[in-house]
Amino acid sequence: EGWVGPFAAKLTTPQEMERHKVVTDAVHSIQIPMADGYANHNDTSSSLSSVPSKICLQILHAGRYAYHPFAVSASATKSPISPFKARALWTSEVQQTVQDFTRCATLA
């Protein structure tokens, strides 16, 4: 639930985490050249060094903007961009979604 589309990439299990590691490891292997004093813009005597690259992960729930007939949202509404009306989540499903976000952040 909450997918942007059926079979879209997600991060909900250790197995999916392993598949994401291919990209994560590739990004983390890159060093970004930076001036040693890059935070001090008035320092003209800086030399070059490098810092490891980082990844920023956006955790999202597509809600009513999901583009498939299995969309779920806080209410049974249709977005202006999707032909499908979302099904309203039960309270227990909202609580599960919070747990899903926590699990995703932990796996990331």
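## Burial and the overall fold

A residue counts as buried when its relative accessible area is under 20%, as exposed when that area is over 50%, and as partly exposed in between. Glu16 has a relative accessible area of 9%, and therefore counts as buried. The structure described here is a predicted model.

The protein chain has 108 residues, of which 19% count as buried. The chain contains two helices and four strands. Read along the sequence, these elements follow the pattern α-β-β-β-β-α. Helix α1 covers residues 14-28, and helix α2 covers residues 91-107. Strand β2 runs over residues 48-52.

## The largest pocket

How much space lies in the largest pocket? The volume is about 550 Å³. The largest pocket is lined by 21 residues, and the closest to its centre are Gly2, Lys10, Leu11, Thr12 and Leu60.

Helix α2 gives the largest share of this lining, with six residues. Sorted by class, the lining of the largest pocket consists of 10 nonpolar, seven polar and four charged residues.

## The second largest pocket

The second largest pocket has a volume of about 340 Å³. Its lining is made by 13 residues, and those closest to the centre are Leu11, His20, Thr24, Ile55 and Ala108. Leu11 is thus named among the residues closest to the centre of the largest pocket and also among those closest to the centre of the second largest pocket.

Which element gives the largest share of the lining of the second largest pocket? That share, six residues, comes from helix α1. By class, the lining of the second largest pocket holds eight nonpolar, three polar and two charged residues.

## Salt bridges

Side chains of opposite charge can pair when their charged atoms come close. The count for this model comes to four salt bridges, with a nitrogen of Lys or Arg within 4 Å of a carboxyl oxygen of Asp or Glu as the criterion. One of them joins Glu16 to Lys10, where the closest N and O atoms are 3.5 Å apart. The two partners fall into separate accessibility classes: Glu16 is buried at 9%, whereas Lys10 is partly exposed, with a relative accessible area of 30%. Lys10 is also one of the residues closest to the centre of the largest pocket.

A further salt bridge links Glu18 with Lys21, with 3.7 Å between the closest N and O atoms. Both residues belong to helix α1 and are three residues apart, about one turn of the helix. Glu18 has a relative accessibility of 45% and counts as partly exposed; Lys21, at 35%, counts as partly exposed too. In helix α2, the side chains of Asp100 and Arg103 meet in a salt bridge, at 2.8 Å from N to O. Asp100 and Arg103 are separated by about one helical turn, because they are three residues apart in helix α2. Asp100 is partly exposed at 24%, and Arg103 is partly exposed at 35%.

## A nonpolar surface patch

Which residues make the nonpolar surface patch of about 280 Å²? The patch is made by Val22, Val23 and Ile55. Val22 is found in helix α1, as is Val23. Val22 has a relative accessibility of 62%, so it counts as exposed, the cut-off being over 50%. Val23 counts as exposed as well, at 53% relative accessibility.

The patch brings together residues from separate parts of the sequence: Val23 and Ile55 are 32 residues apart along the chain, and their C-alpha atoms are separated by 9.7 Å. Ile55 is also listed among the residues closest to the centre of the second largest pocket.

## An exposed residue in strand β2

Leu48 has its place in strand β2. Is this residue buried or exposed? With a relative accessible area of 69%, Leu48 is exposed. Leu48 and Ala35 are 13 residues apart along the chain, while their C-alpha atoms are separated by 4.4 Å.

How values were computed. Residues numbered from 1 in each chain as written. Predicted model: local features only at pLDDT ≥ 70, side-chain atom pairs only at ≥ 80, totals over all residues. Heavy atoms only, no water. 1 Å grid on protein atoms, 1.4 Å probe; cavity = no way out; pocket = protein on both sides within 12 Å on 5 of 7 lines; lining within 4 Å. Points joined across faces, edges and corners; volume = space filled by probe spheres on them. Nonpolar A, V, L, I, M, F, W, Y, C, P; charged D, E, K, R; others polar. Patch = residues over 30% accessible without salt bridge, like charges linked within 9 Å, V, L, I, M, F, W, Y side chains within 5 Å. Areas by Shrake-Rupley, 256 points an atom, 1.4 Å probe, with all protein chains shown as cover. Buried < 20%, exposed > 50% of the residue type's maximum accessible area, 1.4 Å probe, protein only.
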